[in-house]
Amino acid sequence: MNCPILKDNENEFQYSSYLANTIGTIISKNEGKEYKCFKTTYVIKKHKELITPLPDYLSYNVYEIPYYNEEQSFSVIVIIEKNLLEILKENKINLNKIILDELKITYTECYDTFDIKKIVEDFSNLQPFFDILNRIRKETGKSTLNETEIDEAANEYLNNKDIVKKKIY
């Protein structure tokens, strides 16, 4: 069965906590240490720094009115080593873009869907898992996956030692 939605969006997946937990489990097995994968929101607080004014050639005869950044929130899927997450929690350090970037924690924006490119870039051994999920989506003609289909893909991926070895080593 053909799933036209997938033609241009093979890297886009519908978010579910079940899929996120499965991704965390697979990474844990592949990396030999426990990882957590979850959706969270971080906020960029309002700040009073002036936003860069217009260049002179655009502001000729226009009064420049200073304006300030508004508070913004972003939903992201985070993949983080469990020990690091616990350290951050113990020290009451909230996840934000600066922390995520400085600690090189894998994350990608996520609202209803998320793009797997950054995840696969950081964990290349996951590509075959997403390939299996895409095959299931094409076979069923659905863009969303249920828990049974996610389990089927995880089991196929984890039980195929050749796929796992090829991507890890």
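Let's start with two helices in this predicted model: H1 and H7 pack at an angle of about 10°, and their axes sit 10 Å apart. Since angles under 35 degrees count as roughly parallel, H1 is therefore roughly parallel to H7. If you want to find the contact on screen, look on the H1 side for Tyr18, Leu19, Thr22, Ile26, Lys29 and Asn30. Their counterparts in H7 are Glu147, Ile150, Asp151, Ala154, Tyr157 and Leu158. Sorted by class, this contact has 7 nonpolar, 2 polar and 3 charged residues.

Both helices also feed the largest nonpolar core, which has 28 residues. Inside that core, Ile23, Phe114, Phe129 and Phe130 are the ones with the most contacts. Helices H1 (17–31), H5 (117–122), H6 (127–140) and H7 (147–159) each supply at least two of the core's residues, and so do strands E2 (35–44) and E5 (72–81). Take Phe130 as an example: leaving aside residues up to four places away in sequence, Phe130 touches Phe13, Ile23, Ile116, Ile119 and Val120. There's a second, separate core too, with 11 residues, including Ile80, Leu88, Ile105 and Tyr107.

Now over to strand E5, where you'll find Val78. Is Val78 buried or exposed? Val78 counts as buried because its relative accessibility is 0%. Again skipping residues up to four places away in sequence, Val78 touches Lys36, Cys37, Phe38, Thr40, Leu95, Leu100, Ile105, Thr106 and Tyr107. And what about Gly24? Val78 and Gly24 are 54 residues apart in sequence, and their C-alpha atoms are 9.7 Å apart in space.

Note on methods
Residues numbered from 1 in each chain as written. Predicted model: local features only at pLDDT ≥ 70, side-chain atom pairs only at ≥ 80, totals over all residues. Heavy atoms only, no water. Core = buried A, V, L, I, M, F, W, Y, C linked by side-chain atoms within 4.5 Å. Buried < 20%, exposed > 50% of the residue type's maximum accessible area, 1.4 Å probe, protein only. Helix = DSSP H or I, 4+ residues; strand = E, 2+ residues; numbered from the N terminus. Contact = heavy atoms within 4.5 Å. Axes fitted to C-alpha atoms, helices over the stretch in contact; angles between N-to-C directions. Parallel < 35°, antiparallel > 145°, perpendicular 65-115°, else oblique. Nonpolar A, V, L, I, M, F, W, Y, C, P; charged D, E, K, R; others polar.
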